[in-house]
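The following exercises are to be worked with the sequence and the model at hand. Each task is followed by a solution in steps.

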Amino acid sequence: MCGIAGYTHYHCRADAFSIRRATYALMHRGPDQQGFYQSESASLGAVRLRIIDLEGGDQPMKSDDGQTVLVFNGELYNNTELREELRRRGHFFHTFCDTETVLHAFQEWDTECFSRMRGMFALAVWSEPENRLILARDRLGIKPLYLHRRGVNVYFASELKALFTFREVGRRIDPLGLHYFTSLNYVPSPHTLIEGIEKLPPGHWLEWRAGRIEIAPYWKLAFHPQHHYSVDSAAEELDTLLEQSIREHLVADVPLGVWASGGLDSSTILHYASAYSGARMKTFSISFTGRSFDEGGYARRVASYYGTDHHEFDLNPDVDLTGAIESLAYHSDEPGADAGALPVWFLSKLSRQHVTVALSGEGADELFGGYHTYLGDRYARALRHVPALVRRAALRLAQTLPASDEKVGLDYKLQRMLQGSFLDPAEAHLFWNGTFSEAEKKKLHLRNGHPSVASLVDSLPPESQQVGFLNRYLWLDQRYYLADNILYKCDRMSMAHSLEVRPPFLDHRIVEFAGRLPEHLKISNSRLKVVLRHLMRDKLPPEVLRRKKEGFDIPAHDWLRGTLRPLLLDTLTRRAVEQSNLFDWKVVESLIRDHLDRRANLGYHLWGLLTLFLWMKRWDIQSEPVEEASPRILTAAQATS
């Protein structure tokens, strides 16, 4: 695993130290080796965390003739089979590293090579004779790649902090990105929170050739439900696919373990990994001792069942939470408001003390229907048949319930469900996992005129309207929530500790299989992940199959009234809010007071604002005065809608 950075400097002089500054900003992603390439028109840099072929594979890697140069962040899981095909075509290899395989594959097939690659990656290839740069990102967006276009040139990096080292790259907040952030807790691709910086969408490549840019997909997410599947035939096919994927994900020349929470997804990964690994598995988990949502007992039960070398970290208010959160502001240089970042931070830190690679269960919920939000969509459809007058009365009653200290208590669930029943169905789906509604943002934000987040559904292909109610929202979540929240969070928190995390469920063959399943094999009545649960029914301990799903995050409501209260009040001050020119201080102050006085549970709303302001302070992010910015956001909104 690595970090990459680079830029073109066509018809302009390059600062010899610029690429070094950008590359060294990514040292945490690759502490084992750093390298640079510079030519008249382009500069590339890479940092490497050695996983395969520890002695070979240093980057940037050049072709034998020195004319093609590659920087590569990721893992190629079909490395062996691609090498065999390339050897038959006359290619000769100097190392066993997958980076060299990618370089030769590009020389053989050009951009067609990406559809042949099975893995997670972000990469850049420079062709000196053609004065041509190619950037590419894996199908699901497991690995990040940020872009900045300036005149005829393009800049790229694995993280924003590397782009920030270039003096010509600005740090002005993007109003449209901010509106997405305060609703969704993340910013959907290709947008970011910084004006002029974009994310290369998953499954795409970009070509820069002498100042001209082209972007095209090499893979597209698609749903084609096939009704010939029975639950048995679907489980049988999934069994084969998981076996293939996890076998490939186990290949490493360094210690490897499994993130094992005791839930269905991670336990499935552990089951197959234990079967095909020649060594005793190491497992890692986070506990919340004494809390109703503590998964520690389940994790220990599964670890015992498979005889693993298990390690656990108890996350509680006595831990240095403030220090960790402030570190997030550095490593999450495009902030995410998902409170699950904090436990993933500590899980990554724990894991890196014992292994260099960890397998995780990310992606199963989005592929097979594992979130309660999908049930929420169904319940809301029925609830909308109840007269609005009755629902408003029910909401007022729900708002009188005592504010719970649970992570997601009954009061919070009832209020969110009733509020969501008044929203457009697409907005409601995003609202379940988000925070501020469109109506709430109009009061909070000083700049409006942005498109509703529900417009993200309209960005899906027209055929998404023909695949069923559930599949349409799974499509939406796989396209945005998975890449821009779940995988983003995992990448930043793990790479902050120089840990590579691999998600076997996101092998594109499994993703395509899930897209072929009919809806009833994903969710049936209130039963989630039907086919995965059926597959594992005789493999996992019964209590794992029966247990309810717990989200992997913190008790934000409780901790922001307690141990994190000083950090909240020191960060969201009147001066900070008013100087930001982003939000109405009276609205922010009301949110804080209502939460601290237990009139409402607004912990997740405040967590998002807290992480945003810590990030702005850490990276000196600027915003325009309101009068100056309003016309631009209206223009952007019209262009996007």
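A residue counts as buried under 20% relative accessible area, as exposed over 50%, and as partly exposed in between. The model used throughout is a predicted one.

**Exercise 1. Backbone angles outside glycine**

Task: Determine where Ala210 lies, and classify it as buried, partly exposed or exposed.

Solution.
Step 1. Ala210 is located in the loop between strand 11 (204-209) and strand 12 (212-217).
Step 2. Its phi is near 50°, a positive value in a residue other than glycine.
Step 3. The relative accessibility of Ala210 is 32%, so the residue counts as partly exposed.
Step 4. Asp110 may be treated likewise: its phi is near 55°, again positive in a residue other than glycine. Asp110 belongs to the loop between helix 3 and strand 6, and because its relative accessibility is 27%, it counts as partly exposed.

**Exercise 2. The setting of helix 3**

Task: Check the length of helix 3 (residues 98-109) against its expected span, and establish how far the helix is enclosed.

Solution.
Step 1. Helix 3 has twelve residues, which at 1.5 Å a residue should span 16 Å. The end C-alpha atoms are 16 Å apart, in agreement with that value.
Step 2. Ten of the twelve residues are buried, so helix 3 is largely enclosed by the rest of the structure. Among them are Asp98, Glu100, His104, Phe106 and Trp109.
Step 3. The cover over these buried residues includes strand 4 (61-62), strand 5 (68-76), helix 2 (79-88), strand 6 (119-127) and strand 7 (132-137).
Step 4. Asp110, with its positive phi, follows helix 3.

**Exercise 3. Salt bridges across the chain and within a helix**

Task: For the pairs Arg29 with Asp491, Lys199 with Asp484 and Glu243 with Arg247, state the separation of the closest N and O atoms, the location of each partner and its burial.

Solution.
Step 1. The closest N and O atoms of Arg29 and Asp491 are 2.9 Å apart. The pair links distant parts of the chain: Arg29 is in the loop between helix 1 (18-24) and strand 2 (33-38), whereas Asp491 is in helix 18 (residues 469-495), 462 residues apart.
Step 2. Arg29 counts as buried because its relative accessibility is 0%, and Asp491 counts as buried because its value is 2%.
Step 3. In the salt bridge of Lys199 with Asp484, the closest N and O atoms are 3.5 Å apart. Lys199 lies in strand 10 (residues 197-199) and Asp484 in helix 18, so this pair ties together parts that are 285 residues apart in sequence. Both Lys199 and Asp484 are buried.
Step 4. For Glu243 and Arg247 the corresponding separation is 3.3 Å. Both residues lie in helix 6 (residues 231-249), four residues apart, about one turn of the helix. An α-helix has 3.6 residues a turn, so residues three or four places apart point the same way.
Step 5. Glu243 is partly exposed at 26% relative accessible area, and Arg247 is partly exposed at 43%.
Step 6. The structure holds 49 salt bridges. One network of salt bridges links Arg29, Lys143, Glu159, Lys161, Asp333, Asp491 and Arg492.

**Exercise 4. A buried leucine**

Task: Identify the surroundings of Leu238.

Solution.
Step 1. Leu238 is placed in helix 6 and is buried, with a relative accessible area of 0%.
Step 2. Not counting residues up to four places away in sequence, Leu238 touches Phe368, Ile510, Phe513, Val531, Leu532 and Leu535.
Step 3. Leu238 and Ile510 are 272 residues apart along the chain, yet their C-alpha atoms are separated by 7.3 Å.

**Exercise 5. Cis peptide bonds and cysteines**

Task: Locate the cis peptide bonds that join Gln59 to Pro60 and Ser189 to Pro190, then settle how many disulfides the structure holds.

Solution.
Step 1. Omega is about -5° for the bond between Gln59 and Pro60. Pro60 is found in the loop between strand 3 (42-48) and strand 4.
Step 2. Omega is about 10° for the bond between Ser189 and Pro190. Pro190 is found in the loop between helix 5 (175-184) and strand 10.
Step 3. The structure holds zero disulfides. For Cys113, the nearest cysteine sulfur is that of Cys97, 15 Å away, whereas a disulfide requires sulfur atoms within 2.5 Å.
Step 4. Cys113 counts as buried at 1% relative accessibility.

Notes:
Residues numbered from 1 in each chain as written. Predicted model: local features only at pLDDT ≥ 70, side-chain atom pairs only at ≥ 80, totals over all residues. Heavy atoms only, no water. Buried < 20%, exposed > 50% of the residue type's maximum accessible area, 1.4 Å probe, protein only. Helix = DSSP H or I, 4+ residues; strand = E, 2+ residues; numbered from the N terminus. Expected span 1.5 Å × (residues − 1). Contact = heavy atoms within 4.5 Å. Salt bridge = Lys/Arg side-chain N within 4 Å of Asp/Glu carboxyl O.
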